[in-house]
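User: Hey, I've got a structure to look at and I'm not sure where to start. Can you walk me through it?
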Amino acid sequence: MKKYILRRFIHMIPTLIGVSVIIFYLFALMPGDYIDSNRQITAQRAHDLRVLYGLDKPIIMRYFIWVKNAMEGNFGFSLKYLESVTKLINQYIWNSFIIAIVTLALTWSIALVIGVYTATKQHSLFDRLVTLGVFASLSFPSFFLGLLMIKFFGVDLKILPLGGMIDTGSTSTGLSYVLEVIRHMILPVGILTFLSIGSLTRYFRSGMIDALKLDFIRTARAKGLKERTIVFKHALKNAILPAITLLAFELPGLFSGAIITEQIFNWPGIGRLQLEALSFRDYPVLMTFTMLLSFLTIMGNFFADVLYAVADPRIRLK
Amino acid sequence: MKKRFISAIILSVSAVMLLSSCGTKVASNQNVKASKVSSIGDQYIKATDPSKSPDKAKQRTDTFVAAISEPGGVFLPYFYDNGWDGNATDPIFASLVGQDPKGNPIPDLAKSWNISSDNLTYTYHLRQGLKFSDGSPLTADDVAFTLTILDDPAYSGYLDISTSFIKGSEAYKDGKADSIEGIKVVDPLTIKITTEKVNPLNLTILGGQVLSKAYYGKDYKRGSLDYLKALYATPLGAGPYKIDKYIPGQEVRYTANDNYYAGKPKIENLIYKVTSKDTNLQLFQTGETDEDGFTTDKDTVDELESFGFANVRISTVSDYGYIYFNNKKSYLKDKSVRQALIYGLDRQKIIDVKYKGYGQVANIPTSPLVWSYNEDGINKYKFDQSKAKKLLDAAGWKVGSDGIREKNGQKLRLSYLTTKSTDEIIPIAKEDYKAIGVDFEPEIMDFNTLVGKLNKGDYDLASVRTNGLVDPNDSVEEFSSKKTSENVSGYSDPVADKLISEGVSTVDIKKRKVIYQKLYKELTDNPPVILIDYRKSVKAWNSRIKGLDNNNFSGVSSTNLSKLKIEN
């Protein structure tokens, strides 16, 4: 087992290096750079700025300078915000994180329960209603639903806030601050959960149906075990296995921010920062953020492999 | 039975999909029909029923919530890179010279000023007892420090102080002198600045926002400005408000400055709240914000009017949209070709489709809000396809067998760069130019790529918009062949060059008006660009904020910010 983990871990390193090279080169090859976005400055000033930011050196040199700085924990200075990239990203990423993790927890729990229940009661009325709901969730665009809910709950009923993370001019701290943020999270989390639940429910449902058809389930029934034990103890454990890989891959999603939802709800997340950095060619921010997501994806892959080996003894013994 | 039912559904679904895709193809080839739209003038709609103000707003008895889009947190004048930081910084930093609602200079921190008869020496007289918000005194030394730091070799911000030609600034920048000769602190309340060349804008450039020497100059050494980065988030100024808290992506909060020279502002708290176009109308409607700028269309205006508590102002924005000619290309050097391209484009139709009444055709290279705007004797280039054809024929461009004009074996094919995929100019120009025998090839790309191509000269036509215009020189500067770095289009006209430099060589507005009148005539006759549009903006504010006039010259951050009152 330990050898297995070690081997997977060592495989990660060349992948990371390769990813960083590709990302850096792709960004560097994009036409137009940050200095170009300012139409007012003179050619001399533009040249001076390029030297100042090190944009005039050849790409290979710039890559190694970046790597060396990254090793020291210095991920550069945002060209647009004029502050350190790590500080900038830190300001926004945790706001996206709390929305994403609550959505993840809710989506998975609800999808699991509904998926299992509809699998056991296949073709019932409940199952058909859930299928309808699932397709609705897969069809609605997030901005449409978001704006509709804001109008309904915020403007008409006035029971939920219209956006932002805290009330305008609020100075609450401690518990009241936490409660206020939770109140503001209700709509964005609710909408994101509704939209993600669809595909996951179908996935659990089909996983369960397949598990329930296996021979050993018939044996268990023949032995006279309670239906509840059969479903939740024996079938579910087998159905959940592929879901473990899915869960591990949710890791980068926790930090990438939901761009459209954040825009509609004025939620100060990392999504908007990403878009801006892309359109303004803010390389330090782009590089660092893309590397972060790649790193999380690779880590997620690694965790998926390890967890699968832990959960499924058949992999371990191979 | 079941099988036939299913196959029927599949057939009908695929039929629908086929038809819908056909539909979109037809639409892009359809002629764009614009009904006769009348132009909407500037309007001021007063609130009809202030009592309808939402409860949330009424409860805020001592706070004014204004709207902002994307502040970046760099709260230091001259150093921020993002226009929204400018809005956020204005309430904190006062200038020597302020602006009245029409854009004319009025005393702010300076109670008066003298300009020498040769227009080269500026003497500002500061008011007595000026203080920064922390109680420290504001004197001429702080003004001298501000101007010196702008000339520092490491300064890389947006203000190019070299256009002021302060005496001794070059020597300071090159390290040959330790201070700037032309900046003289006569006494703590008087500062004299000597320049070497007349610039009509110097009064406001030299009289800009003042930075505290004690606070921002504590560790100042020439050539190193990095230490200022640590102070971006904690500004100190002499404006009506001081910063309270900055919540990134959410709000910038201010409290009234007790030490403000014109008296502590009556509204104790100011908040700039971050809003986006998706929900700003709802936020205003429910009282979360007291003012904002909204989408410019009739539905929005009608809805704002229906609220009852909103003052609404529809006014022209001080900018214009235009299309660059690449004047370096051989086929665009001939002015009759450029004139033909303007005659051959139905600009009124573009305005009608794009703005639906909230815009008008531009014929002068400045905005209607700038004092030099004058339509006398200007060729309006009314849409005339036969005239365009005649001009092209006379220039030697004969229509070829494929309908495209050619001369000496070269086809008249023009590339057009734009950043909008829904650019209204594309379908209209394609149709109009085809009719006169010009092949129009649009290319859609993002802004940075467009600017990169613009600088390399890799285009024929490119769609851009000016920044906010204050002085007539702002927009015509780039047409001078002497300004090689601003002049991306490669335009060169000796008459225009002479008039452009004359325009900034005198301070006398009457003389300048005459010069610009001549310049506009020349630029219309030999067009460097295709002028397209002026547009309107829709701004509204809750009538409970008394004294606010949210027009396009003086918004929330104007010089009278401290005089606003709340009356619920």
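Analyst: Sure, and keep in mind that this is a predicted model. A nice spot to start: Val399(B) stands opposite Arg405(B), which sits in strand E17(B).

User: Okay, and which strand does E17(B) pair with there, and over how many bridges?
Analyst: E17(B) covers residues 405–407 and pairs with E16(B) in the antiparallel sense, over two bridges.

User: What order do the strands of that sheet come in?
Analyst: The order is E16-E17-E18 in chain B, three strands in an open sheet with antiparallel pairing. E16 (398–399) and E18 (410–411) are the edge strands, so each pairs on one side only.

User: What holds strands of a sheet together, anyway?
Analyst: In general, strands of a sheet pair through backbone hydrogen bonds.

User: Switching to chain A: how many helices and strands does it have?
Analyst: Chain A has 13 helices and zero strands. Its C-alpha atoms fill a box of roughly 85 × 60 × 40 Å along the principal axes.

User: How much of chain A is buried?
Analyst: Of its 318 residues, 30% count as buried. Also, among contacts in chain A with a separation of 6 or more, 74% are between residues 24 or more positions apart.

User: How many residues does each chain bring to the contact between them?
Analyst: Chain B brings 36 residues and chain A brings 34. On the chain B side, H15(B) gives the largest share, six residues.

User: And what classes of residue are on that chain B side?
Analyst: There are 19 polar, 10 nonpolar and seven charged residues on the side that touches chain A.

How values were computed: Residues are numbered from 1 along each chain as its sequence is written. Chains are lettered from A and ligands numbered from 1 in the order in which they are written. This is a predicted model: local features need pLDDT of at least 70, side-chain atom pairs count only at pLDDT 80 or more; totals for chains, interfaces and linings use all residues. Helices (H or I, at least four residues) and strands (E, at least two) are DSSP runs, numbered from the N terminus. A residue is buried if 20 or more other C-beta atoms lie within 10 Å of its own, exposed if 12 or fewer, and partly exposed in between; C-beta atoms are placed from the backbone. Two residues are in contact if their C-beta atoms, placed from the backbone, lie within 7 Å. Ala, Val, Leu, Ile, Met, Phe, Trp, Tyr, Cys and Pro count as nonpolar, Asp, Glu, Lys and Arg as charged, and the others, Gly among them, as polar.
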